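Please look through the sequence and the model below before reading on, and keep both in view while the explanation moves from one part to the next.

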Amino acid sequence: MESGEGASLGKMNDISPPAQTMSPEGSSPFGDMTKLTEFIGKTKQEVDYGKMISSETRVLSFGEVHYREAAKEEVISNLKVLKELGFTHIGMEVFGEDVQESLDQSTDIKSHSQLIEQAKRSGRYSPGATDLYLTIAQEAKNIGLQIIGLNLPSNHEQLSEVAEAVRQLDTQMAARAKSVLEKNPQNRIVTFTGAGHAEKGGHSMAEILQQDFEVVGVNLTGGGKEAFSPTERAALQAQVSLERFMVPNMAQFPTSSFRFDWVVHLPQVEEPGPYEQMLIKNRNFMKTVEAQTLIANTISRTRKGRGL
């Protein structure tokens, strides 16, 4: 699913934040490529996380594609901004509950062998990912954000059924974040997970948390060589694929079937990472009936597990 500032974005249209204060304005363009391309061209604006949240927001849920490094760099670049906006914790899927004591006590996270090993679980998809995950944690600690390991302990029972495993992980991560929020009404948490856990709907982590707290979901897309997601393809068609910008989704269209409040597009890069190279190489296979059946069955099992 679906760093610094990108190129100048020109004059932006004002869009009132956040979702809770807005009235529905027609239907979301995220299901129509032509409409989405036009929408991005008209409404893209400079990324401002302060515009996305309200004083009642307790969770800012970032969703990434694990094999791309741009989303991780985006988080690193904006940790101080998030701290200034009042967030007190950052919860990371890459770390498990079993290393919480190490996260709390270690002053040199990037040299901690146990934390390095855990970061490698999600860092295996790109050469720089492990270091970037560790950098997020180290920089967060340096500025006083508390780091929360959201994932299951390393020694947890591995479930063979995909849908059950996803459901178990979403439940775990929501419980970990909820425990932080319930400890102190002043606590606010940024969660950084795969996009499927950060979107609202079904049994996702963000949807579970939304039952008790105000959650703003942000899809961090782009940052690759190829345009895979609808937003990436629309940005390419709108000739803004090299820009960093944000557009509203559920913040403007609350009934959208694409269950993120906002989408942040990160600039396209020159060279794809190894995992993306593999995806590009296998593109012809992905168009075959065999591949499409495999994908459809996996999606069906996952959605069933989430109650969609």
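In this predicted model, helix α7 covers residues 129-142, and a simple check can be made on its length, because at 1.5 Å a residue its 14 residues should span 20 Å, which agrees with the 20 Å that separates its end C-alpha atoms. Is this helix enclosed by the rest of the structure, and how many of its 14 residues are buried? The count is 10 of the 14, so α7 is largely enclosed by the rest of the structure. The buried residues, where buried stands for under 20% relative accessible area, are A129, T130, L132, Y133, L134, T135, I136, A137, Q138 and A140. Just after α7 the chain reaches G144, which takes a positive phi of about 95°.

A second place to look is where two helices meet, namely α1, made of residues 33-43, and α11, made of residues 230-237, whose axes come within 8 Å and cross at roughly 65°. The crossing in which α1 passes α11 is right-handed. On the side of α1, the residues that take part are M33, L36, T37 and I40, and they meet P230, T231, R233, A234, A235 and Q237 in α11. Sorted by class, this contact holds six nonpolar, three polar and one charged residues. The spacing within a helix helps in reading such a list, because an α-helix has 3.6 residues a turn, so residues three or four places apart point the same way.

Finally, it is worth asking how confident the predictor is, and here the mean pLDDT of the protein chain is 85, with 80% of its residues reaching 70 or more. Over residues 1-24, however, the pLDDT is below 50, although this stretch has 62 contacts in the model beyond near neighbours in sequence. Where pLDDT is low, the predicted coordinates should not be read in detail.

Definitions and conventions: Residues are numbered from 1 along each chain as its sequence is written. This is a predicted model: local features need pLDDT of at least 70, side-chain atom pairs count only at pLDDT 80 or more; totals for chains, interfaces and linings use all residues. Side-chain values use heavy atoms; hydrogens and water are left out. pLDDT is the predictor's confidence in each residue, from 0 to 100. Contact means heavy atoms within 4.5 Å. Helices (H or I, at least four residues) and strands (E, at least two) are DSSP runs, numbered from the N terminus. The expected span of a helix is 1.5 Å times one less than its number of residues. Buried means under 20% relative accessible area, exposed over 50%, partly exposed in between (1.4 Å probe, protein chains only). Axes are lines fitted to C-alpha atoms, for helices over the stretch in contact, and angles run from 0 to 180 degrees between N-to-C directions. A crossing is left-handed if the near helix is turned anticlockwise from the far one by less than a right angle, and right-handed if clockwise. Ala, Val, Leu, Ile, Met, Phe, Trp, Tyr, Cys and Pro count as nonpolar, Asp, Glu, Lys and Arg as charged, and the others, Gly among them, as polar.
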